[in-house]
Amino acid sequence: MAKDKEEVTQVNRRATRLSLSTANSTNDIEAAKSFNSQTLTLDNLVFGREPIGLDDLLSCFPGRRVQILEILHLLGTIKSSMPPMFIYGSASTGKTSIILQVFHHLRRPFVYISCLSCYSPRILFESILNQLLFHKKDAVNGYSSVKKCEKPSDFVNFIREALINVIDSLKENSKKMSSSKLKGQVNGRMIYLIFDNFDLVREWDKSSSILPLLFGLCDILKIPEVGFIFISNSSPDTYYSNTGYMEPILVYFPEYTEDDLRQIFMRNQANQKLYSSFLDVVLRPFCRVSRRLDELSTAFSTLFKKYCEPLSDLGVAPNEDMKRRLFSHIQPHIAHSLNEIFSVASQPSVESEANQETRKKGSAKKSVGSGDFDEIDFHMSTSAKYLLISAFLASRNPATLDASLFDSTGGSNSRKRKRNCNLLIKYFLLRVSEKSVERREAEEQELFMKGPGTFSLERLLAIFQCITSVGEDSFGEEGGADGVTVEGESNGLMSDVLLQLSSLCNVNFIVKGGSCPLEGSTRYRSTVSEDLALKVARSLKFPLSKYLFRR
Amino acid sequence: MAPSAATADSSPPPSTSGTTENHLQPVFVLHKAASRKYGRKSTGTTKTKRRIDLSSSIPKNFEKTDSESTEDFDDDPYVNLRMEAFEIVWTKIESTIKDVLWNINTNVFNEIGHWVRESFNTIKSFGMLTSHEATQAFPIMKDVSSKQLFTGLVLTKNMEFVDDLLTFEELGHFLKSQGCHVANLSSLDFMAKSGIGGCLRSLLRQFVGASSDAIDMSIMASWYRGQGNYNNPVVVIVNDIERCSGSILSNFILMLSEWVLKVPVILIMGVATTLDAPKSILPSNVLQCLSSYKFTLGTPAERMDAVVDAVFVKQCSGFIISHKVAVFMSNYFVRQDGTLTSFVRALKVACVQHFSMEPLSFLIRGFSLEEDGQVLHDGLLSKMILKHAFNLPSYERNKIEEQSVERFAIGLSRLKRLKNQWGTMVSCLYEAAKGDKIQLLDLLREALDPTSCNSTTSNSHIKLEKDIGASSSKDCQQYPMLRRGGFICQAVRKVKDLPASQLWKLLKRWEGLTMNVNEMHEKIKELLSLLKLENGKSSKQHMVDISKFLVLTTMLWKIGMKDLKFELEMGKRNPQRNHARRNASQSQFNIEDSKVVNVKAAALMECMVWDYMQPIECLPFHEIICFKNVEKLQLALIGDPRRRIQVDLLEFYKILRCSCCSRIGDTLSPSMHDTSIMYNLAQEHGDYINLHDWYNSFKSTVLCPINKGKNKSKQSPIPKKRKEMNEPKKQSEASIQYPLLYIIFFNVLDLLT
């Protein structure tokens, strides 16, 4: 009991501190509800503190004037209700920021739910209820939600109750505002539910029941003071929502044009002229690749640093000559970073001096047990390497060729190996004479489309045994030279091959595929690039190319 | 333990009248013990047969099985000493390894710590949030780049991940000490089946402690606000991204990046293979969120070198492995596993086996102490021990007649001195070989090779000198340890070609290393001064110096000087040429001069090798500190556990060594253990058994009491009826009577899983 009191006083203290900054009338109304609501009020449902004018809003988002005005129009006046709104457009086109800023401008209360952060229906429900009931998870309440809510039916009941409460207090609030003529924080009698990243809901387990629920919530609740806004990356057609619910009003955010992007990037730049000359150089080639603002801005930030490198004074306004010089400086980097947008976004952009030094030292120190570290920059045990190669071979070569490539005895001496090669050459010749060029091309293409083939564990182990017995030659020198005969030297590599296989699977060099429908055993597939396989083979001095079957 | 032991002593037959012991206890099969006086020489199996004796000593023995000790003779007062010594030695080795690894990582750790601070400052520069903003659901709209998640990609350089678990744990501790909030996540938290909730739950459990059932990032945000000052970054370490489920990880990253302004999370991810790994796992829109930096940990080979250096070469514990063991371990490292963890495990197994097998091994304790032979002077040395010591093959080989405590003590201290000297020389060689991609383990392997020194006795010196006198060329092939183009020979050759500045550095390092070996130290100093002279003085004077030096050098130097002498003689005979040479430019002379020093340094190295580096296995009494039994180690490490178990099950009498079963052979007998009987029957039936499942079902039957069995079949002591198992509390008794079987049994389960 005493502890309870203590908590209450604590909360009170916090509340007073807060109320200094948010002196308003609604505090009194909510005060009675629970001690939590003392800290959170209707104000908290409003985005931003300082009011923002329409002109500011429009200038904040170049190229989005039409959309902003449309949204404002759809939201309507303070008292008008609205049908559900569905905002869509590809990633990084300003959907979320514009909606938030519009609400900031209108000073209307809303509840924001990101379906990314709320990753399951339960979290989604509870997050909405927490916000509507002014509940905050903290250490005092053990980070728990205000209500446990898992079933959609519970959710509908709870949210109805909560919404009615909020709307009542909103009404009272607006009455007070009109009577006292005080310019309050909260505006209007509507409350809005904003669902961001709505496309993610489709991937949930229970999406088939949750999607209709959320789309139809408007019809279920039948409270005119509640507005629904869905923000999604994908168009509404992908939701198959034609289940008799009210069709939402669509607002589409197209991709930015090059001019829009220029305006956006020119905002908040210290040296307008310099940056403008920089954009002249980079914007066009990049726009052909991507118009996503986030991708461009990361690419540009590093490129701009490069661009400014030759300059001593960043405040300088570049003349034509300097521009040309800077262009020639940046040109090689552009091509590189154009590719990067697609593939290597995670390339380390900055590397500290010390790091480089240690790397140099590391490479100098890299020692040779079997001479591998120069080629591959991570450690693999020899048996793992052989296994990797055999998996690669098993994936690349057709299974029918195995018998001719590998003897049943393993082809351990060179004579046999030579014979194998001869066999292979004969095989090649046969194929060449047999098949026309076109057919081969078609086959090549087919192989490319199919990717690496699958293989069974037995085949892998057979190949492994064969190639290790070949490889033992180079191996024996090392072991034999020491004058030590460690027992089981030859099959030493075999001893924990399954363990090696599992670690290769773990690092995604070999992928465990689905089981074969006929045999029922697990099939594997090697995902190693030929480059890496060749590197590994080189480190073992294994003649991989001899064994590779090429069409 | 005591009461149950008492009941075991009284050895109740299965059908006593007591109500609790009313039911059948099939595990209690009594075997007649074979004679108790086993030979003391038998090592591995003695411990096991001891344990099935139903004598009062059983509890004691059983306790010891836990502490992985094995004993040869029970009445040996030195067993405890050995145990103690093992504890001391192993803790020392372990802590040394830990320190070494820490030192290796410390640079990278500092770098990461620095980067974390920097990234945190960048995040903070986007502006402070009010408490309301920070816990609210809607995102903070700032710059586009504010959604970037700072990510450190730590390249672990090893496909196997075991070693790096410890590294990341230590990194966590390090960052915690720097004031960060740290959570360590592993790939197990990113399993596809537990979903995004799984990793968030684990994250919150580590940060917040309390875990409610509905978990989202808002809890993190509110927790972070509750921490008071917001000056500490939140670091999330993901051990191994290759093993994570890509979709879960990408969802996690997107979520973190959405909240990064509210909870300044900095991500550190371990990458086992190459930097392509994140690219292949994560989709591009996720990669977009990462602002990544690369850090590189030491390669396994580097770490291995450092560990080997600290444990074997430097004075650590005194424990050392023989050449064969070293070869085996390095092969195992390169071919099979490649992890330091397994190397350390092998080392531990070797250590345990050494202390359990070698009666005198407790003397190693004295090796790590400063004072020599302290243990000896304690008067602990009994006659028997002494006799054993002088019966050691290494001593017998040397045939020194006198056998006294003093002699033994001298021998030991000599062993210690020579071992230290050997270590110093090995590290000198390693210094020289360092840049040349030579691994210390390979070097050590060569340095330990006993065949290189067949006749090392106290008078080996003279003998070697004779050899040298006889040999005219100083080719590497001549000296056993320098033959075969081995690593040491490579190192020597390398020194010959070293440029002057690097040679200077090398000599300086040698000077530091050889502090303890006076003669060598002096010689190195001499060389250093020579090098200095060369750089300063004129060539003529220098020639004099060299000739002086030649006079001064001992016999040992001859080989190294052979070429030089020859050249000088040639010079005398050929005054014209000599003259021309003197007139040559200064620079050329310098090159020539430094070559001279190079030759000397190489000669010095050779001298190191064959005079100061007597392989441990050639020293008398080396058995005390040196583990040699490679077969045992091999069996322990890569023995085929399943086959072993099956063989043991079939040939149980070899382990049990009871007199009643040994005669039976193939046929079944009621006194056999259940598992053996079952296995035999299965074999007869022609069934293939999955041992793991089999033992698991056995375990469940043993551990779960089945009540209906209680009243049934009191009298039939047929062990086959396994359904009627004893109650769990009886298990302890059974495990005392059959500790071996129980240990096998539970270890087998471990092995198979």
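What is the handedness of the crossing of H14(A) and H19(A)? The crossing is right-handed, and the views below start from this pair. The model is predicted, and local features are given only at pLDDT of at least 70, side-chain atom pairs only at pLDDT 80 or more, while totals for chains, interfaces and linings use all residues; side-chain values use heavy atoms, with hydrogens and water left out. Residues are numbered from 1 along each chain as its sequence is written, with chains lettered from A and ligands numbered from 1 in the order in which they are written.

**View 1. Packing of H14(A) against H19(A).** Helix H14 (residues 382–396) of chain A packs on H19(A) at an angle of about 70 degrees, with the two axes 9 Å apart. H14(A) is therefore roughly perpendicular to H19(A). Ser383(A), Ala384(A), Leu387(A) and Leu388(A) supply the H14(A) side of the contact, and Val497(A), Gln500(A), Leu501(A) and Leu504(A) the H19(A) side. Helices (H or I, at least four residues) and strands (E, at least two) are DSSP runs, numbered from the N terminus. Axes are lines fitted to C-alpha atoms, for helices over the stretch in contact, and the angles run from 0 to 180 degrees between N-to-C directions. Angles under 35 degrees count as roughly parallel, over 145 as roughly antiparallel, 65 to 115 as roughly perpendicular and the rest as oblique. A crossing is right-handed if the near helix is turned clockwise from the far one by less than a right angle, and left-handed if anticlockwise. Contact means heavy atoms within 4.5 Å.

**View 2. Burial and length of H14(A).** Of the 15 residues of H14(A), 14 are buried, so the helix is largely enclosed by the rest of the structure. Buried means under 20% relative accessible area, exposed over 50%, and partly exposed in between (1.4 Å probe, protein chains only). At 1.5 Å a residue H14(A) should span 21 Å, and its end C-alpha atoms are 21 Å apart, which agrees. The expected span is 1.5 Å times one less than the number of residues in the helix.

**View 3. The kinked helix H10(A).** H10(A) bends by about 40 degrees at Leu283(A), shortly before the proline Pro285(A). The bend at a residue is the angle between axes fitted to the seven residues ending there and the seven starting there. For the 18 residues of H10(A) (residues 272–289), the expected span is 26 Å and the end C-alpha atoms are 25 Å apart, which agrees. Both Leu283(A) and Pro285(A) are buried, and other buried residues of H10(A) include Tyr275(A), Phe278(A), Phe286(A) and Cys287(A).

**View 4. Two loop residues with positive phi.** Lys222(A) lies in the loop between helix H8 (207–221) and strand S4 (226–232) of chain A. Its phi is near 55 degrees, a positive value in a residue other than glycine, and Lys222(A) is exposed, with a relative accessible area of 65%. Asn508(A) is placed in the loop between helix H19 (497–506) and strand S7 (510–515) of chain A. The phi of Asn508(A), also a residue other than glycine, is positive, near 65 degrees; at 32% relative accessibility, Asn508(A) counts as partly exposed. Most residues other than glycine have a negative phi.

**View 5. Surroundings of Tyr252(A) and Phe253(A).** Gln67(A), in helix H4 of chain A, is buried at 8% relative accessibility. Leaving aside neighbours within four places in sequence, Gln67(A) is in contact with Tyr252(A), Phe253(A) and Pro254(A). Val66(A) lies in the helix H4 (residues 65–75) of chain A and is exposed, with a relative accessible area of 60%. Val66(A) and Phe253(A) are 187 residues apart in sequence, and their C-alpha atoms are 9.5 Å apart in space. Ser235(A) sits in the loop between S4 and strand S5 (249–252) of chain A and is partly exposed at 22% relative accessible area. From Ser235(A) to Tyr252(A) the C-alpha distance is 8.6 Å, with their positions 17 residues apart in sequence. Not counting residues up to four places away in sequence, Ser235(A) touches Phe86(A) and Tyr88(A).

**View 6. Packing of H4(B) against H14(B).** In chain B, helix H4 (residues 78–124) and helix H14 (residues 340–357) pack at an angle of about 160 degrees, with their axes 10 Å apart. This makes H4(B) roughly antiparallel to H14(B). Their crossing is right-handed. Residues that meet include Phe86(B), Trp90(B) and Ile97(B) in H4(B) and Leu347(B), Cys351(B) and Phe355(B) in H14(B).
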